[in-house]
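Me: I should like to study this structure by way of questions and reasoned answers. Please begin with the contacts of a single residue and proceed from there.

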Amino acid sequence: MEVVVKQGMSAYEAARERTVLENKRKMEALNLRHLAAAIKEGPKTPSPMKRRRLIEYAVVVPSPPRRSRRLANLPEVKYAETAPHSADRMIRSPRRPTARIYLASRGSISMKARMEAERKAEELESQLDPEFPSFVKAMLHSHVVRGFWLGLPSHFCDTYMPKQDSIITLVDEKDEEFDTNYLAYKKGLSGGWAGFAICHGLQDGDAVVFQLIKPTTFKVHIIRAASDDHSEEDE
């Protein structure tokens with residue numbers, strides 16, 4: 001397409017005229033006019049707000065759950081929230097009668113009775129096999145009523161007890177075993193000690209002999225402290 005240079009047209013205007021004509025020629029070659037008209041006449045895209053409303057009100061049809069090939073032929077499991085039959089319900093076991101032993105007060109314990117119980121415990125300890133280390137522990141209120149924390153002698157723990165938290169078994173004089181939690185950093189018995197104390201009716205003032213017959217097993221001997229009415233009971 002040739003550009004006709006008009007009379008009085010400057011060189012800049014002539015170059016500009018040639019550029020405009022060249023662009024028109026390229027647009028006709030690409031058929032951009034018809035493409036622009038088709039886009040203009042096409043359906044309008046909904047605004048973002050309208051698309052959001054359409055999504056909110058759309059009805060989602062749930063697709064069937066995907067199942068692996070290994071389970072495809074198995075019957076579908078239905079988890080119905082139905083109450084179990086009365087005969088199948090778990091029945092709570094009755095509270096052990098020994099749980100009420102520590103509630104029955106034996107009466108006030110004098111210092112003399114405490115010392116006597118501890119003396120008997122030390123006498124019993126002296127008769128045990130020296131091959132197995134042992135110690136005597138006088139029971140206090142915090143050991144047998146509230147808290148149920150039993151601290152063990154520090155020197156005994158440093159020498160004989162495990163260096164990490166462990167399960168320590170207590171064996172009573174009937175050879176019944178009770179597991180307790182030994183906390184190494186606190187050097188004492190925590191969980192499980194309460195059950196042992198309650199089951200054996202330990203009370204403030206009693207004295208207990210602990211004999212380490214295995215690395216994590218104590219043989220336990222209980223000496224009862226006499227109340228003010230001079231009644232005493234030894235196990």
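**Contacts, cores and the sheet**

Reply: In this predicted model, Leu-170 touches Glu-176, Glu-177, Phe-178, Thr-180, Leu-189, Trp-193, Phe-196, Phe-210, Phe-218 and Val-220, leaving aside residues up to four places away in sequence.

Me: Which helix supplies the largest share of the largest nonpolar core?

Reply: This core has 27 residues, and Leu-170 is among those that touch the most other members, as are Trp-193 and Phe-210. Helices H6 and H7 and strands S3, S4, S6 and S7 each supply at least two residues. The largest share, five residues, comes from helix H7.

Me: Which strands stand at the edges of the sheet?

Reply: Seven strands form an open sheet of mixed pairing, in the order S1-S6-S7-S3-S4-S5-S2. A strand at an edge has a single partner, so one side of it is left without a neighbour in the sheet; this applies to S1 (134-138) and S2 (150-151).

Me: Which residue in S5 stands opposite Tyr-182?

Reply: Strands S4 (residues 177-183) and S5 (residues 188-189) run antiparallel and are joined by two bridges. Opposite Tyr-182, in S5, stands Leu-189.

Me: How many Å apart are the end C-alpha atoms of helix H1, and what span should its residues give?

Reply: Helix H1 (residues 11-30) has 20 residues, which at 1.5 Å a residue should span 28 Å. The computed separation of its end C-alpha atoms agrees with this: 29 Å.

Me: What phi does Asn-31 take?

Reply: Asn-31 comes just after H1. Its phi is positive, at about 60 degrees.

Note on methods
Residues numbered from 1 in each chain as written. Predicted model: local features only at pLDDT ≥ 70, side-chain atom pairs only at ≥ 80, totals over all residues. Heavy atoms only, no water. Pairing = 2+ DSSP bridges. Helix = DSSP H or I, 4+ residues; strand = E, 2+ residues; numbered from the N terminus. Expected span 1.5 Å × (residues − 1). Core = buried A, V, L, I, M, F, W, Y, C linked by side-chain atoms within 4.5 Å. Buried < 20%, exposed > 50% of the residue type's maximum accessible area, 1.4 Å probe, protein only. Contact = heavy atoms within 4.5 Å.
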